Amino acid sequence: MKKLILLLSVFGLMTACDNGEAKKEVVKEIAENKAVLNLTKELPELSIYNLPSTWTTQENENIELKDLRGNVLVMVMIYTSCKAACPRLVADMRNIEKQVPEKDLDKVKFIMVSIDPETDTPQRLKKFSEENLMTDDHWMFLRGTPEDTREFAAVLAVSYKKISPIDFSHSNIISVFDEEGVLVHQQEGLGVDNAETVTAIHQEVSN
Amino acid sequence: MKSLIRLAICFTVLIQSQLYGQSDSMVEIEGGEFVPLYGTKTEIPVGDFLMDVYPVTNAQFQKFVKENPQWKRSKVKKLFADENYLKDWKDDETLGEDQFEDAPVTNVSWYAAKNYCECQGKRLPTVDEWEYVAMANKEKADAREEKSYNRFILGWYETPNTYKNRIGQTFKNYWGVYDLHGLVWEWTLDFNSVLITGESRQDSTGENNLFCGAAAVGATDLMNYAAFMRYAFRGSMKAKYSIKNLGFRCVQDVKPEAL
(Lines give C-alpha, C1' and ligand atoms only; values in the text may rest on other atoms or scores of the structure.)
Protein backbone atom coordinates (compact mmCIF):
# COMPACT_ATOMS: atom_id res chain seq x y z
CA MET A 1 0.00 0.00 0.00
CA LYS A 2 2.78 2.35 0.89
CA LYS A 3 4.36 1.63 -2.45
CA LEU A 4 1.11 2.49 -4.14
CA ILE A 5 0.96 5.82 -2.38
CA LEU A 6 4.54 6.45 -3.35
CA LEU A 7 3.76 5.51 -6.90
CA LEU A 8 0.82 7.86 -6.93
CA SER A 9 2.87 10.66 -5.51
CA VAL A 10 5.55 10.11 -8.10
CA PHE A 11 2.83 10.15 -10.68
CA GLY A 12 1.49 13.36 -9.18
CA LEU A 13 4.84 15.05 -9.38
CA MET A 14 5.34 13.88 -12.91
CA THR A 15 2.08 15.30 -14.08
CA ALA A 16 2.71 18.45 -12.15
CA CYS A 17 6.06 18.93 -13.78
CA ASP A 18 4.84 17.93 -17.17
CA ASN A 19 2.95 21.08 -17.97
CA GLY A 20 5.35 22.19 -20.66
CA GLU A 21 6.88 25.61 -20.92
CA ALA A 22 5.28 28.13 -18.64
CA LYS A 23 4.78 31.55 -20.08
CA LYS A 24 7.18 34.08 -18.69
CA GLU A 25 4.70 36.89 -18.82
CA VAL A 26 1.61 36.62 -16.71
CA VAL A 27 -1.15 38.80 -17.96
CA LYS A 28 -2.67 40.52 -15.00
CA GLU A 29 -6.42 40.32 -14.93
CA ILE A 30 -8.19 43.56 -14.31
CA ALA A 31 -10.24 43.67 -11.18
CA GLU A 32 -13.61 43.30 -12.91
CA ASN A 33 -12.48 40.13 -14.61
CA LYS A 34 -11.29 38.45 -11.50
CA ALA A 35 -14.39 36.34 -11.16
CA VAL A 36 -13.68 34.83 -14.55
CA LEU A 37 -9.95 34.44 -14.11
CA ASN A 38 -8.70 32.36 -16.97
CA LEU A 39 -7.86 29.08 -15.35
CA THR A 40 -6.65 27.49 -18.53
CA LYS A 41 -3.64 29.69 -19.02
CA GLU A 42 -0.19 28.49 -17.98
CA LEU A 43 0.80 28.91 -14.36
CA PRO A 44 3.85 31.05 -13.65
CA GLU A 45 6.90 28.89 -12.96
CA LEU A 46 7.17 30.22 -9.44
CA SER A 47 3.55 29.48 -8.57
CA ILE A 48 2.87 27.22 -5.60
CA TYR A 49 0.04 25.82 -7.71
CA ASN A 50 2.73 23.76 -9.44
CA LEU A 51 2.78 21.66 -6.27
CA PRO A 52 0.65 18.55 -6.80
CA SER A 53 -0.17 17.92 -3.14
CA THR A 54 -3.69 17.35 -1.84
CA TRP A 55 -4.85 18.85 1.45
CA THR A 56 -7.80 18.42 3.75
CA THR A 57 -9.66 21.45 5.11
CA GLN A 58 -11.31 21.96 8.50
CA GLU A 59 -14.55 21.06 6.74
CA ASN A 60 -13.02 17.70 5.85
CA GLU A 61 -12.93 18.58 2.16
CA ASN A 62 -10.00 17.56 -0.02
CA ILE A 63 -8.45 20.31 -2.09
CA GLU A 64 -5.41 20.89 -4.21
CA LEU A 65 -3.65 24.18 -3.78
CA LYS A 66 -4.53 25.15 -7.31
CA ASP A 67 -8.21 25.09 -6.36
CA LEU A 68 -7.36 28.33 -4.57
CA ARG A 69 -6.22 30.01 -7.76
CA GLY A 70 -7.69 33.45 -8.16
CA ASN A 71 -7.51 34.30 -4.47
CA VAL A 72 -4.84 36.30 -2.72
CA LEU A 73 -3.45 33.94 -0.08
CA VAL A 74 -2.10 34.83 3.33
CA MET A 75 -0.49 31.72 4.76
CA VAL A 76 1.13 30.66 8.00
CA MET A 77 2.24 27.32 9.40
CA ILE A 78 1.09 26.48 12.93
CA TYR A 79 -0.03 23.57 15.07
CA THR A 80 -3.08 23.71 17.26
CA SER A 81 -1.62 22.28 20.46
CA CYS A 82 1.01 25.00 20.46
CA LYS A 83 1.10 27.18 23.53
CA ALA A 84 3.98 29.53 22.83
CA ALA A 85 4.33 31.26 19.50
CA CYS A 86 1.26 30.03 17.63
CA PRO A 87 -1.35 31.98 19.57
CA ARG A 88 0.63 35.09 18.73
CA LEU A 89 0.95 34.05 15.09
CA VAL A 90 -2.79 33.47 15.02
CA ALA A 91 -3.26 36.89 16.62
CA ASP A 92 -1.02 38.37 13.93
CA MET A 93 -3.14 36.74 11.25
CA ARG A 94 -6.29 38.13 12.84
CA ASN A 95 -4.69 41.52 13.09
CA ILE A 96 -3.88 41.46 9.39
CA GLU A 97 -7.36 40.28 8.54
CA LYS A 98 -8.89 43.18 10.47
CA GLN A 99 -7.00 45.64 8.33
CA VAL A 100 -8.28 44.21 5.06
CA PRO A 101 -11.41 46.12 3.98
CA GLU A 102 -14.64 44.12 4.22
CA LYS A 103 -15.24 44.41 0.47
CA ASP A 104 -11.93 42.71 -0.28
CA LEU A 105 -12.37 39.76 2.02
CA ASP A 106 -14.00 37.55 -0.55
CA LYS A 107 -10.85 37.80 -2.68
CA VAL A 108 -8.49 36.81 0.12
CA LYS A 109 -7.97 33.51 1.92
CA PHE A 110 -6.24 33.42 5.29
CA ILE A 111 -4.79 29.96 5.57
CA MET A 112 -3.27 28.10 8.49
CA VAL A 113 -1.32 25.03 7.47
CA SER A 114 -0.68 22.49 10.21
CA ILE A 115 2.89 21.31 10.79
CA ASP A 116 1.48 18.56 13.01
CA PRO A 117 -0.82 16.61 10.67
CA GLU A 118 -0.86 13.60 12.96
CA THR A 119 -2.52 15.53 15.75
CA ASP A 120 -4.36 18.14 13.75
CA THR A 121 -7.22 16.18 12.29
CA PRO A 122 -9.89 18.07 10.36
CA GLN A 123 -12.12 17.81 13.43
CA ARG A 124 -9.46 19.36 15.56
CA LEU A 125 -8.82 22.11 13.05
CA LYS A 126 -12.54 22.80 12.94
CA LYS A 127 -12.68 23.07 16.70
CA PHE A 128 -9.65 25.35 16.68
CA SER A 129 -11.30 27.59 14.09
CA GLU A 130 -14.43 27.85 16.22
CA GLU A 131 -12.53 28.54 19.43
CA ASN A 132 -10.61 31.26 17.68
CA LEU A 133 -13.69 32.70 15.99
CA MET A 134 -12.25 32.04 12.57
CA THR A 135 -15.29 30.51 10.95
CA ASP A 136 -15.88 32.98 8.12
CA ASP A 137 -15.31 31.72 4.59
CA HIS A 138 -12.02 33.52 4.24
CA TRP A 139 -10.42 31.44 7.00
CA MET A 140 -9.07 28.10 5.97
CA PHE A 141 -7.16 25.39 7.85
CA LEU A 142 -5.20 22.78 5.95
CA ARG A 143 -3.70 19.47 6.81
CA GLY A 144 -1.61 17.30 4.47
CA THR A 145 0.69 14.29 4.63
CA PRO A 146 3.92 14.68 6.60
CA GLU A 147 5.87 14.61 3.31
CA ASP A 148 3.74 17.25 1.61
CA THR A 149 3.86 19.38 4.74
CA ARG A 150 7.65 19.18 4.73
CA GLU A 151 7.71 20.14 1.07
CA PHE A 152 5.31 23.00 1.55
CA ALA A 153 7.43 24.32 4.40
CA ALA A 154 10.42 24.15 2.08
CA VAL A 155 8.57 26.34 -0.40
CA LEU A 156 7.75 28.88 2.30
CA ALA A 157 11.28 28.67 3.72
CA VAL A 158 9.69 27.67 7.00
CA SER A 159 11.75 25.39 9.24
CA TYR A 160 10.18 23.18 11.86
CA LYS A 161 11.17 20.27 14.01
CA LYS A 162 9.32 18.08 16.44
CA ILE A 163 11.13 18.55 19.73
CA SER A 164 8.85 16.48 21.97
CA PRO A 165 5.68 14.44 21.49
CA ILE A 166 3.61 17.60 21.79
CA ASP A 167 5.94 20.39 20.82
CA PHE A 168 7.53 21.76 17.68
CA SER A 169 10.01 24.50 17.16
CA HIS A 170 9.24 26.43 14.00
CA SER A 171 9.92 29.66 12.21
CA ASN A 172 7.31 32.37 12.40
CA ILE A 173 6.69 33.49 8.86
CA ILE A 174 3.52 34.88 7.30
CA SER A 175 3.52 34.70 3.50
CA VAL A 176 1.38 36.49 0.92
CA PHE A 177 0.75 34.98 -2.53
CA ASP A 178 -0.80 36.68 -5.53
CA GLU A 179 -3.79 35.20 -7.33
CA GLU A 180 -1.53 33.05 -9.48
CA GLY A 181 0.17 31.56 -6.43
CA VAL A 182 3.44 33.48 -6.65
CA LEU A 183 5.01 34.58 -3.37
CA VAL A 184 4.94 38.36 -3.16
CA HIS A 185 5.69 39.14 0.47
CA GLN A 186 6.87 37.54 3.69
CA GLN A 187 7.00 38.87 7.22
CA GLU A 188 9.12 37.09 9.74
CA GLY A 189 8.86 37.23 13.50
CA LEU A 190 6.15 37.58 16.10
CA GLY A 191 4.08 40.68 16.69
CA VAL A 192 6.07 42.57 14.07
CA ASP A 193 4.65 45.61 12.33
CA ASN A 194 2.41 44.10 9.70
CA ALA A 195 1.79 47.28 7.68
CA GLU A 196 3.84 45.98 4.75
CA THR A 197 1.94 42.72 4.71
CA VAL A 198 -1.37 44.58 4.67
CA THR A 199 -0.09 46.79 1.87
CA ALA A 200 1.00 43.74 -0.11
CA ILE A 201 -2.46 42.18 0.25
CA HIS A 202 -4.11 45.42 -0.74
CA GLN A 203 -1.92 45.73 -3.81
CA GLU A 204 -2.65 42.22 -4.97
CA VAL A 205 -6.37 42.56 -4.41
CA SER A 206 -6.52 45.75 -6.41
CA ASN A 207 -4.35 44.49 -9.24
CA MET B 1 -6.00 8.19 -21.12
CA LYS B 2 -2.97 10.38 -21.40
CA SER B 3 -2.50 10.26 -17.67
CA LEU B 4 -2.88 6.51 -17.73
CA ILE B 5 0.01 6.29 -20.15
CA ARG B 6 2.08 8.55 -17.98
CA LEU B 7 1.32 6.40 -15.01
CA ALA B 8 2.40 3.37 -16.97
CA ILE B 9 5.65 5.06 -17.95
CA CYS B 10 6.56 6.05 -14.44
CA PHE B 11 5.52 2.61 -13.32
CA THR B 12 7.91 1.00 -15.78
CA VAL B 13 10.67 3.32 -14.74
CA LEU B 14 9.90 2.51 -11.13
CA ILE B 15 9.99 -1.24 -11.71
CA GLN B 16 13.25 -0.94 -13.60
CA SER B 17 14.81 1.12 -10.94
CA GLN B 18 13.54 -1.26 -8.31
CA LEU B 19 15.54 -3.95 -10.04
CA TYR B 20 18.52 -1.68 -10.14
CA GLY B 21 17.87 -0.88 -6.52
CA GLN B 22 18.44 -4.45 -5.56
CA SER B 23 21.72 -4.90 -7.41
CA ASP B 24 22.75 -1.29 -7.10
CA SER B 25 24.63 -1.02 -3.89
CA MET B 26 22.74 -0.23 -0.77
CA VAL B 27 23.71 -1.49 2.64
CA GLU B 28 21.60 -2.12 5.67
CA ILE B 29 21.96 0.23 8.58
CA GLU B 30 20.93 -1.19 11.88
CA GLY B 31 18.99 1.43 13.77
CA GLY B 32 19.56 2.49 17.34
CA GLU B 33 19.48 5.49 19.57
CA PHE B 34 21.93 8.33 19.52
CA VAL B 35 22.31 11.84 20.78
CA PRO B 36 22.86 14.07 17.75
CA LEU B 37 25.64 16.58 18.00
CA TYR B 38 23.28 19.44 17.60
CA GLY B 39 19.70 20.47 18.17
CA THR B 40 18.77 18.26 21.09
CA LYS B 41 20.24 16.77 24.19
CA THR B 42 18.08 13.68 24.25
CA GLU B 43 18.45 10.29 22.59
CA ILE B 44 16.86 10.05 19.18
CA PRO B 45 15.63 6.69 17.91
CA VAL B 46 16.62 5.74 14.37
CA GLY B 47 14.96 2.76 12.72
CA ASP B 48 16.59 0.20 10.43
CA PHE B 49 17.01 1.33 6.84
CA LEU B 50 19.03 0.81 3.68
CA MET B 51 21.41 3.49 2.49
CA ASP B 52 23.10 4.00 -0.86
CA VAL B 53 26.77 3.12 -0.56
CA TYR B 54 27.71 6.08 -2.77
CA PRO B 55 26.24 9.48 -3.52
CA VAL B 56 24.22 9.69 -6.76
CA THR B 57 26.61 10.22 -9.67
CA ASN B 58 26.53 12.51 -12.69
CA ALA B 59 25.85 9.53 -14.95
CA GLN B 60 22.94 8.31 -12.83
CA PHE B 61 21.40 11.75 -12.71
CA GLN B 62 21.93 12.17 -16.44
CA LYS B 63 19.90 9.02 -17.00
CA PHE B 64 17.18 10.29 -14.66
CA VAL B 65 16.98 13.59 -16.51
CA LYS B 66 16.62 11.83 -19.84
CA GLU B 67 13.78 9.72 -18.48
CA ASN B 68 12.16 12.64 -16.68
CA PRO B 69 12.48 15.62 -19.01
CA GLN B 70 10.76 17.97 -16.57
CA TRP B 71 14.06 17.94 -14.67
CA LYS B 72 16.14 19.08 -17.63
CA ARG B 73 17.93 22.32 -17.04
CA SER B 74 15.87 24.19 -19.62
CA LYS B 75 12.60 22.67 -18.46
CA VAL B 76 12.76 22.76 -14.69
CA LYS B 77 10.33 25.21 -13.12
CA LYS B 78 11.88 28.05 -11.17
CA LEU B 79 9.85 27.06 -8.13
CA PHE B 80 11.84 23.82 -8.02
CA ALA B 81 15.39 24.92 -8.87
CA ASP B 82 17.36 28.14 -8.99
CA GLU B 83 19.51 29.32 -11.88
CA ASN B 84 22.51 27.27 -10.79
CA TYR B 85 20.72 23.99 -11.43
CA LEU B 86 23.10 21.66 -13.34
CA LYS B 87 24.91 24.76 -14.42
CA ASP B 88 28.18 23.06 -15.32
CA TRP B 89 26.50 20.69 -17.75
CA LYS B 90 27.18 21.40 -21.41
CA ASP B 91 23.49 21.25 -22.25
CA ASP B 92 20.28 19.60 -21.08
CA GLU B 93 21.63 16.08 -21.40
CA THR B 94 25.41 16.39 -21.61
CA LEU B 95 27.90 16.64 -18.78
CA GLY B 96 30.50 19.36 -18.78
CA GLU B 97 33.92 18.52 -20.19
CA ASP B 98 35.70 18.31 -16.88
CA GLN B 99 32.91 16.38 -15.14
CA PHE B 100 33.45 12.68 -14.51
CA GLU B 101 30.52 10.35 -15.01
CA ASP B 102 31.29 8.77 -11.66
CA ALA B 103 31.70 12.01 -9.78
CA PRO B 104 28.79 12.96 -7.51
CA VAL B 105 26.07 15.01 -9.14
CA THR B 106 25.92 18.49 -7.61
CA ASN B 107 24.10 21.72 -8.44
CA VAL B 108 20.83 19.92 -7.84
CA SER B 109 17.95 21.32 -5.83
CA TRP B 110 16.23 19.53 -2.96
CA TYR B 111 13.13 19.01 -5.10
CA ALA B 112 15.16 17.33 -7.84
CA ALA B 113 17.03 15.15 -5.37
CA LYS B 114 13.81 14.20 -3.61
CA ASN B 115 12.09 13.27 -6.87
CA TYR B 116 15.12 11.32 -8.07
CA CYS B 117 14.93 9.13 -4.96
CA GLU B 118 11.15 8.79 -5.23
CA CYS B 119 11.45 7.60 -8.80
CA GLN B 120 13.85 4.91 -7.58
CA GLY B 121 11.33 3.80 -4.98
CA LYS B 122 13.57 5.40 -2.36
CA ARG B 123 13.65 8.65 -0.41
CA LEU B 124 16.14 11.16 0.96
CA PRO B 125 17.54 10.36 4.39
CA THR B 126 16.41 12.43 7.35
CA VAL B 127 18.96 14.60 9.12
CA ASP B 128 18.96 12.13 12.00
CA GLU B 129 19.51 9.12 9.73
CA TRP B 130 22.31 10.85 7.87
CA GLU B 131 24.04 11.97 11.04
CA TYR B 132 23.61 8.52 12.57
CA VAL B 133 25.49 6.80 9.74
CA ALA B 134 28.00 9.62 9.49
CA MET B 135 29.17 9.06 13.07
CA ALA B 136 31.06 6.02 11.87
CA ASN B 137 34.70 5.77 10.88
CA LYS B 138 36.25 2.62 9.41
CA GLU B 139 36.05 0.62 12.61
CA LYS B 140 33.40 2.09 14.88
CA ALA B 141 29.73 2.92 14.47
CA ASP B 142 30.27 6.00 16.61
CA ALA B 143 33.72 7.50 16.21
CA ARG B 144 32.75 11.02 17.10
CA GLU B 145 35.13 11.22 19.97
CA GLU B 146 38.10 10.04 17.93
CA LYS B 147 40.45 12.89 17.22
CA SER B 148 41.53 11.45 13.87
CA TYR B 149 37.92 11.21 12.71
CA ASN B 150 37.29 14.84 13.51
CA ARG B 151 40.56 15.98 11.99
CA PHE B 152 39.63 14.20 8.78
CA ILE B 153 36.26 15.96 8.57
CA LEU B 154 37.61 19.38 9.41
CA GLY B 155 40.51 18.84 7.04
CA TRP B 156 38.01 18.16 4.30
CA TYR B 157 35.95 21.25 5.13
CA GLU B 158 39.09 23.22 4.36
CA THR B 159 39.85 21.42 1.08
CA PRO B 160 38.39 23.14 -1.99
CA ASN B 161 36.66 21.47 -4.94
CA THR B 162 36.43 17.91 -3.68
CA TYR B 163 33.07 17.72 -5.48
CA LYS B 164 34.98 17.14 -8.72
CA ASN B 165 36.44 13.87 -7.43
CA ARG B 166 35.10 10.43 -8.27
CA ILE B 167 32.92 8.58 -5.78
CA GLY B 168 34.34 5.84 -3.57
CA GLN B 169 37.76 7.34 -2.95
CA THR B 170 37.26 8.27 0.66
CA PHE B 171 37.03 5.63 3.37
CA LYS B 172 34.50 2.79 3.65
CA ASN B 173 32.83 3.28 6.99
CA TYR B 174 31.66 0.78 9.60
CA TRP B 175 28.37 0.25 7.72
CA GLY B 176 30.02 -0.09 4.32
CA VAL B 177 29.05 3.42 3.23
CA TYR B 178 31.49 5.69 1.38
CA ASP B 179 31.86 9.42 0.99
CA LEU B 180 29.69 10.78 3.78
CA HIS B 181 32.69 12.90 4.62
CA GLY B 182 35.35 14.02 2.21
CA LEU B 183 33.49 14.44 -1.08
CA VAL B 184 30.30 16.54 -1.09
CA TRP B 185 27.70 17.81 1.36
CA GLU B 186 24.39 16.01 1.00
CA TRP B 187 20.73 16.98 0.96
CA THR B 188 18.51 15.56 3.67
CA LEU B 189 14.75 15.14 3.58
CA ASP B 190 14.09 17.47 6.49
CA PHE B 191 17.00 19.88 6.07
CA ASN B 192 14.48 22.57 6.97
CA SER B 193 14.09 21.18 10.46
CA VAL B 194 17.21 23.05 11.52
CA LEU B 195 16.55 26.29 13.30
CA ILE B 196 19.69 28.28 13.75
CA THR B 197 19.22 31.34 15.86
CA GLY B 198 21.61 34.01 17.04
CA GLU B 199 21.88 32.01 20.21
CA SER B 200 22.24 28.65 18.57
CA ARG B 201 25.36 27.91 20.54
CA GLN B 202 23.07 27.26 23.45
CA ASP B 203 21.21 24.59 21.50
CA SER B 204 24.34 22.55 21.18
CA THR B 205 24.81 19.43 23.21
CA GLY B 206 28.38 20.39 23.95
CA GLU B 207 29.84 23.20 25.93
CA ASN B 208 29.05 26.72 24.90
CA ASN B 209 32.51 27.32 23.56
CA LEU B 210 32.15 26.47 19.89
CA PHE B 211 33.71 29.72 18.88
CA CYS B 212 36.49 29.70 21.39
CA GLY B 213 39.03 27.63 19.55
CA ALA B 214 42.06 29.40 20.89
CA ALA B 215 42.12 27.45 24.12
CA ALA B 216 42.99 23.76 24.29
CA VAL B 217 40.81 22.01 21.72
CA GLY B 218 39.68 18.52 22.57
CA ALA B 219 37.96 15.98 20.35
CA THR B 220 34.57 16.99 21.72
CA ASP B 221 35.09 20.57 20.66
CA LEU B 222 36.19 19.49 17.22
CA MET B 223 33.25 17.20 16.70
CA ASN B 224 30.84 19.84 17.87
CA TYR B 225 32.43 22.32 15.57
CA ALA B 226 32.20 19.97 12.57
CA ALA B 227 28.57 19.16 13.31
CA PHE B 228 27.77 22.79 13.88
CA MET B 229 29.11 23.54 10.40
CA ARG B 230 26.80 20.94 8.88
CA TYR B 231 23.74 22.07 10.79
CA ALA B 232 24.43 25.70 10.05
CA PHE B 233 24.82 24.85 6.38
CA ARG B 234 21.48 23.04 6.36
CA GLY B 235 19.86 25.89 8.22
CA SER B 236 20.98 28.33 5.54
CA MET B 237 19.63 26.26 2.63
CA LYS B 238 16.52 26.84 0.62
CA ALA B 239 14.95 23.95 -1.24
CA LYS B 240 15.52 25.40 -4.68
CA TYR B 241 19.20 26.16 -4.10
CA SER B 242 21.57 24.29 -6.39
CA ILE B 243 25.07 24.40 -5.03
CA LYS B 244 28.28 23.10 -6.51
CA ASN B 245 29.44 21.15 -3.47
CA LEU B 246 26.02 19.78 -2.50
CA GLY B 247 24.88 16.39 -3.77
CA PHE B 248 22.71 13.65 -2.29
CA ARG B 249 22.15 9.94 -1.83
CA CYS B 250 18.98 7.95 -1.20
CA VAL B 251 17.79 5.57 1.48
CA GLN B 252 15.00 3.07 1.66
CA ASP B 253 12.95 1.64 4.49
CA VAL B 254 14.01 -1.91 5.18
CA LYS B 255 10.79 -3.77 4.67
CA PRO B 256 8.68 -1.90 2.22
CA GLU B 257 5.32 -3.60 1.92
CA ALA B 258 4.83 -5.38 -1.35
CA LEU B 259 2.69 -3.71 -3.99
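These legends go with close-up views of a predicted model.

**View 1. Residues at the heart of the largest nonpolar core.** This core has 108 residues, and the ones touching the most other members are Val74(A), Met77(A), Ile111(A), Ala113(B) and Val133(B). Take a moment with Ile111(A): leaving aside neighbours within four places in sequence, its contacts are Leu73(A), Val74(A), Met75(A), Met140(A) and Leu142(A).

**View 2. Strand S8 of chain A and its partner S3.** Is this strand largely enclosed or not, and why? Strand S8(A) covers residues 173-177, and 4 of these 5 residues are buried, so the strand is largely enclosed by the rest of the structure. Strand S3(A), residues 72-78, runs antiparallel to S8(A), and 4 bridges join the two. To find one of them, look for Leu73(A), whose bridge partner in S8(A) is Phe177(A).

**View 3. The hairpin of S8 and S9 in chain A.** Here S8(A) is joined by 5 bridges to the antiparallel strand S9(A), residues 183-188. Ile174(A) has Gln187(A) as its bridge partner in S9(A). Between the strands of this hairpin there are 5 residues, and Gly181(A) takes a positive phi near 85°.

**View 4. An open sheet in chain B.** Strands of a sheet pair through backbone hydrogen bonds, either parallel or antiparallel. Which kind of pairing appears here? The 3 strands follow the order S1-S4-S7, and their pairing is antiparallel. Strands S1 (26-29) and S7 (251-253) of chain B are the edge strands, each pairing on one side only. On average, neighbouring strands of this sheet are turned by 25° against each other, direction ignored. S1(B) and S4(B), residues 49-52, are joined by 4 bridges, and Met26(B) finds its bridge partner in Asp52(B).

Key:
Residues are numbered from 1 along each chain as its sequence is written. Chains are lettered from A and ligands numbered from 1 in the order in which they are written. This is a predicted model: local features need pLDDT of at least 70, side-chain atom pairs count only at pLDDT 80 or more; totals for chains, interfaces and linings use all residues. A nonpolar core is a set of buried Ala, Val, Leu, Ile, Met, Phe, Trp, Tyr and Cys residues joined through C-beta atoms within 7 Å. A residue is buried if 20 or more other C-beta atoms lie within 10 Å of its own, exposed if 12 or fewer, and partly exposed in between; C-beta atoms are placed from the backbone. Two residues are in contact if their C-beta atoms, placed from the backbone, lie within 7 Å. Two strands pair if DSSP finds at least two bridges between them. Axes are lines fitted to C-alpha atoms, for helices over the stretch in contact, and angles run from 0 to 180 degrees between N-to-C directions.
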